[in-house]
Amino acid sequence: MEWNFLFYFNSVLLGVGLAMDAFSVSLANGLHENRMKIGRMSLIAGVYAVFQFLMPMTGWICVHSFVQMFQSFEPFIPWIAFFLLLYIGGKMVVESVKGDVEDEEKESLSFSVLLLQGLATSIDALSVGFTITDYGVVMALVCSLIIAVVTFIICICGLQIGKKFGTRFAGRADLLGGLILIFIGAEILIKGLFF
């Protein structure tokens, strides 16, 4: 593979495709925490971006070192993402149904939950390591970095949109956000099993 326009264009397209799950989760997070400041938004988008950077590189390393072990793990990837998002989304739905938490007292997204979301939304990016096997290490790093930057930008947009609608739908934002996460998890599982 050469350093040309097509390389950069394909990397950006990979970033957009891989960031869609993180965008949806960002929407849900914006709905859940509608008074989020820009620093917190940057942290959330940054965590997703880091995971989207690490996963393709991990896949690339796996292909170049221990392919057999990774191939035996691949069928479980959709299940892992599904259960992580089902847990997080289910928790949000249960909290919204309780309805006893005031908006000011609403629990913010913990860092451990954020890490789980980052892992769940980027685990499919692990497979991208197989598609970039003909890249050298520097090209794989640049491609992964482009994916991370695209993810960061898309997630900031998702958080902004979620914040805007979270303010409008204050009472039902957690329910909607939780249902979105559960839907994303189901979508990842169905794509992984049937496509």
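Helices are DSSP runs of H or I with at least four residues, numbered from the N terminus. The exercises below apply this term to a predicted model.

**Exercise 1. Determine the secondary structure content of the protein and the order of its elements.**

Solution. The protein has eight helices and zero strands. Along the sequence, the pattern is therefore written α-α-α-α-α-α-α-α, each symbol standing for a helix as defined by DSSP. As for burial, 45% of the 195 residues count as buried.

**Exercise 2. Describe the length, the bend and the N-terminal end of helix α1.**

Solution. Step one concerns length: α1 covers residues 5-32, which is 28 residues. From the first C-alpha to the last, α1 reaches 39 Å, close to the 40 Å expected at 1.5 Å a residue. Step two concerns the bend: α1 has a kink of about 45°, centred on M20. Step three concerns the N-terminal end, where N4 acts as the cap, with a side-chain oxygen 3.2 Å from the backbone nitrogen of L6.

**Exercise 3. Classify F7 and F194 as buried or exposed, and place each in its helix.**

Solution. Buried means under 20% relative accessible area, and exposed means over 50%. F7 belongs to helix α1. Its relative accessible area is 0%, so F7 is buried. The C-alpha atom of F7 is 8.9 Å from that of M139, although 132 residues separate the two along the chain. F194 belongs to helix α8. Its relative accessibility is 62%, so F194 counts as exposed.

**Exercise 4. Identify the nonpolar surface patch that contains F194 and the helices that supply it.**

Solution. The patch is formed by W79, F83, L86, I190, L193, F194 and F195. Together these residues have about 790 Å² of accessible area. Helices α4 (77-98) and α8 (173-194) each supply at least two residues of the patch.

**Exercise 5. Locate the salt bridges of the structure and state the accessibility of each partner.**

Solution. The whole structure contains two salt bridges. One joins E33 and R40, with the closest N and O atoms 2.8 Å apart. E33 counts as buried because its relative accessibility is 13%, whereas R40, at 23%, is partly exposed. The other joins the side chains of E187 and K191, at 4.0 Å from N to O. E187 counts as partly exposed at 30% relative accessibility, and K191 counts as partly exposed at 40%.

**Exercise 6. Explain why the spacing of E187 and K191 along helix α8 suits side chains that meet.**

Solution. Both residues lie in helix α8, four residues apart, about one turn of the helix. An α-helix has 3.6 residues a turn, so residues three or four places apart point the same way. The side chains of E187 and K191 meet in a salt bridge.

Technical notes. Residues numbered from 1 in each chain as written. Predicted model: local features only at pLDDT ≥ 70, side-chain atom pairs only at ≥ 80, totals over all residues. Heavy atoms only, no water. Expected span 1.5 Å × (residues − 1). Bend = angle between axes of the 7 residues up to and from the residue. Polar contact = N/O pair within 3.5 Å; in protein donor to acceptor, adjacent residues only side chain to side chain. Patch = residues over 30% accessible without salt bridge, like charges linked within 9 Å, V, L, I, M, F, W, Y side chains within 5 Å. Areas by Shrake-Rupley, 256 points an atom, 1.4 Å probe, with all protein chains shown as cover. Buried < 20%, exposed > 50% of the residue type's maximum accessible area, 1.4 Å probe, protein only.
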